Amino acid sequence: MKYYSLNHNAPNVSFEEAVVQGLASDKGLYFPESIRPLAAEFFENIENLSHEEIAFQAIQQFVGDEIPADTLRQIIAETLCFDFPVVEVENGIYSLELFHGPTMAFKDVGARFMSRCIAYFNRNDPSKKNTVLVATSGDTGGAVASGFLGVAGVDVVILYPSGKVSDIQERQLTTLGQNIKALEVDGVFDDCQDMVKKAFLDPELSAVHLTSANSINIARWLPQMFYFFFAYKALKQHQKPLVFSCPSGNFGNICAGIIAKKLGLPIEHFVAATNANDTVPRFLENGVYDPKPSIATISNAMDVGNPNNFVRIQEMYQQDLKQFEKDFSSYTFSDAATLEAMKTIQQQKGYIAEPHGAVGYLGLKKELQNHPDALGIFLETAHPIKFLDIVEPALGVTLPIPSQIESVLNKDKVSTKIKTYEELKAFLQNQ
C-alpha cells in the first residue's frame with residue numbers, strides 16, 4: 001500500500017514512511033491510494049470472529065507486507081487487550097464504551113498500535129531515534145504517553161494548552177517521566193497544533209526525526225475504525241440499520257468510521273456532534289469551510305477550531321457535498337444543553353455520561369428523527385472520572401476512582417512552560 005499527500009505535491013510513500021514522517025513534506029495529510037472493500041463473507045460471519053481477527057482483516061491491506069502477518073497479529077493483540085462494551089442506554093440507543101484501556105480514553109487503541117509499529121520499524125537499529133511530537137486537547141497526550149512509555153528509540157514530547165485540560169488528563173501526561181516530556185503552552189489547542197505542524201516542516205529540525213501521534217498520523221488514525229466493526233458485531237442480530245454519532249473535535253473517529261463504511265461495513269448514517277466549535281456544522285449549512293479560533297467548553301477534548309481530519313473525509317467523497325450529506329450530518333450543542341443531557345441520561349436511564357459522550361447522545365437523538373427504524377450508537381470516548389470536576393457537581397454523585405487513574409493521582413507533575421514556537425524548537429534541539 002502506498003500513501004499520497006492530500007496536498008498532492010509530495011512523493012507517494014510506503015506505510016512505514018507515512019508513519020515515521022507523520023506529515024507529508026507539502027504539509028498534506030497522508031491518505032491510502034486505495035480502499036478495497038472486504039469480502040461479503042467477512043460481514044456474513046463477523047459475529048463468529050474475535051475482535052483481533054476482525055481488526056486484522058480490516059487493517060491488513062493498509063499495512064501490506066511491511067509488517068509480517070504474525071507480527072501484525074501480535075501488535076493487534078497487544079493493542080486490543082481490553083473490552084469495548086456496547087451498552088443499551090435506552091430503547092434503540094446504545095453507548096459504545098471506548099474507555100476501558102490503560103488511560104481510559106478511546107485513543108489508547110491508536111496510541112498502542114502506533115507505538116508497536118514504530119518499535120517494529122526500529123527493531124534492527126538500536127541507534128535509530130524518533131521523537132514523537134504531539135498536541136493534545138485532552139486525552140491524546142495521556143494515551144500517547146502510556147502507549148509509548150519505555151519504547152526503545154522513541155522520545156515523546158507532548159504540547160498541551162495550560163489550564164484547558166482536566167486535572168486527571170494533565171496528570172496522565174505529566175507524571176510518567178522516562179521518555180515522556182510535557183510542554184505546557186500559554187494558549188489554546190490550536191496554538192499547540194500549529195506549533196507541531198510548523199516543527200514538522202522546519203528543515204532545521206530534520207536531525208530530530210520528528211513524527212506525530214495525533215490523528216494526522218495514519219497509524220494513530222486508521223485503527224480507530226475497529227470500534228465500528230465491533231459495534232456492528234454486537235448489534236448485527238437486530239438486523240436494523242445503524243446510525244453512529246461521534247463527539248467530534250479533530251474528526252479522527254468519524255473519519256475512521258467512514259473508512260469502515262468504504263470497506264463495506266453497513267452503516268446507514270454518521271453524525272458529527274460538536275460543541276461550540278462549529279466549523280463543520282456551519283460548512284454543511286452554507287458550503288463554506290471557515291475555521292475559527294477554538295472556544296473553551298466543558299467537553300475540552302473537542303475544543304478544535306480547525307479539525308485536521310475533515311480534509312480526509314472530503315477526499316473520500318471527492319469534494320462532492322451532495323454525496324457527503326447522504327451519509328453525514330453535523331450538529332452543534334452548547335455547554336448548557338450538554339449538562340442537561342448528562343442529567344437526563346442519569347436521571348431517566350441510570351447511566352453516567354461525561355460531557356463528550358453527552359454531546360454524542362444529543363447528536364444521535366436529533367438525527368434518529370430522520371431514521372425511525374434505525375438503532376443509534378453514540379461513542380462514549382472517555383471515562384467520566386476524567387471529568388469529575390464537571391460530572392460530580394452536575395449529577396450530584398461521587399465517582400469511584402478506577403485503578404488506572406489512582407496510579408497517577410499521587411505523582412508529581414513535571415512540565416515545561418512555553419509561549420512561542422522558538423521555545424519549542426529550542427527544546428527539541430537541546431533534548
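Two strands are said to pair if DSSP finds at least two bridges between them. With that idea in hand, the sheets of this predicted model can be read strand by strand.

A good place to begin is the pairing of strand 7 (residues 154-161) with strand 8 (residues 180-185), which is parallel and runs over 6 bridges. Within this pairing, Val157 has Lys181 of strand 8 as its bridge partner. Both strands belong to an open sheet of 5 strands, arranged in the order 9-6-7-8-14 with parallel pairing. At its edges stand strand 9 (210-211) and strand 14 (416-418); each has a single partner strand, so one side of each is left without a neighbour in the sheet. A helix accompanies these strands: helix 8 (residues 189-200) lies across strand 6 (130-135), strand 7, strand 8, strand 9 and strand 14. Relative to strand 6, helix 8 runs at about 150°.

Another open sheet has 3 strands in the order 2-1-3, and here the pairing is antiparallel. Its edge strands are strand 2 (13-14) and strand 3 (30-32), each of which pairs on one side only. Strand 1 (residues 2-5) meets strand 2 in the antiparallel sense, over 2 bridges. In that pairing, Tyr3 stands opposite Val13 of strand 2.

The cysteines come next. A disulfide requires a pair of cysteine sulfur atoms within 2.5 Å, and by this rule the count is 0. Two residues help to show why. For Cys81, the closest cysteine sulfur is that of Cys117, 15 Å away and therefore too far for a bond. For Cys255, the closest cysteine sulfur belongs to Cys246, and because the distance is 10 Å, this pair is also too far apart for a bond. As for their surroundings, Cys81 is partly exposed, at 48% relative accessibility, whereas Cys255 is buried, at 0%.

Finally, the interior holds some empty space. A search of the whole structure finds 3 cavities of 30 Å³ or more, and the largest has a volume of about 290 Å³. The lining of this largest cavity is made up of 28 residues, with Phe106, Lys107, Gly249, Asn250 and Ala301 lying nearest its centre. Helix 6 (139-148), strand 10 (242-247) and helix 11 (252-262) each supply at least two residues of that lining. Of the contributions to the lining, that of helix 11 is the greatest, with 3 residues.

Terms used: Residues are numbered from 1 along each chain as its sequence is written. This is a predicted model: local features need pLDDT of at least 70, side-chain atom pairs count only at pLDDT 80 or more; totals for chains, interfaces and linings use all residues. Side-chain values use heavy atoms; hydrogens and water are left out. Helices (H or I, at least four residues) and strands (E, at least two) are DSSP runs, numbered from the N terminus. Buried means under 20% relative accessible area, exposed over 50%, partly exposed in between (1.4 Å probe, protein chains only). Contact means heavy atoms within 4.5 Å. Axes are lines fitted to C-alpha atoms, for helices over the stretch in contact, and angles run from 0 to 180 degrees between N-to-C directions. On a 1 Å grid over the protein atoms alone, a cavity is a set of points where a 1.4 Å probe fits but cannot get out, and a pocket is an open set with protein on both sides within 12 Å along at least five of seven lines; lining residues have an atom within 4 Å of a point. Grid points are joined across faces, edges and corners, and a volume is the space filled by probe spheres set on the points.
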